[in-house]
Every structure is written in C-alpha cells, then in structure tokens.
Amino acid sequence: MKHTISILLENRFGAFDRVANLFSGKGFNLHSITIGETEIKDVMRMTIVTSGDEQIVDQVLKQLNRLIDTLKVVDLSEHERTERELALITVNYQKGNLQELKNICDIFRGKIVDINNKSLMLEITGPPAKINAAVNVLMPFGIKEMARTGTVALKRGEQLNISKPDIEPV
C-alpha cells in the first residue's frame, strides 16, 4: 500500500541527505520525494510517497522521527488530505490532431505551454490519479518526453502546526 508522509525539518546542510540516506540504506522504496519552503522561516516540508506494509511504514516513521533535523513526521495516508502533482508532457502532433490534443488538454484543465511544428508541451496539475489518466490518454499520440514533480500534500482541515519560539513565519 502507498503511504504519503509529510516531514517538517530544519533547513540545514545535510538534512535532505539524511532522509534520503535513511531510505536507501534500509532498502525502502521511494515513489516520489519533494521538498520546499514552508510558511515558517528555516523550516522545509518534505513529502515522501513510499510503499510497504504497516510494519515497514511504522519502522520508516520511527526512524524519520529520530533524525536530528526532523521537527514533525505525519503519515498523511491516515488523514483526509489534498494531494497535487505537476506534469510537463511533450507529445507528437500533426495539423490533423491539434484540435483533439487541445480538447484533451481542456478535459484535464491543462495548458499548452510550448508548441513547434512537430510537438506540443502540456502542463497538467492535479491529484496523481488525474496525471496518470492524462498520460494514458496521451500515449497513443506518442509521448516524447515527460517530467513529473512528485506529490505534494497537506492534511485537510487543521494543518500540521509546530510551535518553536525561535521559528518565525516567512
């Protein structure tokens, strides 16, 4: 089963490496990993999508909590959450199928962000399942290249709060 794990960690040299090394050193499978700033100065949010049975995920959570720069670790799979991903997808196109590609883009609420005489690039954002569906629909056109950001997620309703007197909002 896939698990989405949210980690708040101090923005210090080596913090990302320690988390990545934990996964590689223990042989845990990573589906995606994203990291970025939060509303709190010098605190980063890392979102990891991994898979495994409950015992493996419990072990991952315990080891993440032990890392020196970790402030908070939450398995969002146990909560209502909002997940998003961004994909840039370049597909082959010809004049005969341009309108069909535009219609597909509209269906997935995407944008055409680049076009030349042989290909066009779509930007699609949404839950991972929506991105997967768009990829499946675009496959027959010939996907030339694709880049996906990986999942970012937040717990719905009450957000993950940390209170440290020395951490100020950005």
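**Exercise 1. Classify Asp-58 and place it.**

Step 1. Asp-58 has a relative accessible area of 37%, so it is partly exposed. Buried means under 20%, exposed over 50%, and partly exposed in between (1.4 Å probe, protein chains only).
Step 2. Asp-58 sits in helix H2, residues 54-66. Helices (H or I, at least four residues) and strands (E, at least two) are DSSP runs, numbered from the N terminus.

The model is predicted: local features need pLDDT of at least 70, side-chain atom pairs count only at pLDDT 80 or more, and totals for chains, interfaces and linings use all residues. Residues are numbered from 1 along each chain as its sequence is written, and side-chain values use heavy atoms, with hydrogens and water left out.

**Exercise 2. Find the two sides of helix H3.**

Step 1. H3 covers residues 98-107, and Leu-101, Ile-104 and Cys-105 are buried there.
Step 2. These residues cover an arc of only 100° around the axis, which puts them on the same side of H3. The arc is that of the directions from the helix axis to the C-beta atoms.
Step 3. Asp-106 and Ile-107 are exposed on the other side of H3.

**Exercise 3. Trace the salt bridges of Asp-69.**

Step 1. A salt bridge is a side-chain nitrogen of Lys or Arg within 4 Å of a carboxyl oxygen of Asp or Glu.
Step 2. Asp-69 meets Arg-12 at 3.9 Å, N to O. Asp-69 lies in the loop between H2 and strand E4, and Arg-12 in the loop between strand E1 and helix H1, so the pair ties together parts 57 residues apart in sequence.
Step 3. Asp-69 also bridges to Arg-18, with the closest N and O atoms 2.4 Å apart.
Step 4. Asp-69 is buried, at 4% relative accessibility.
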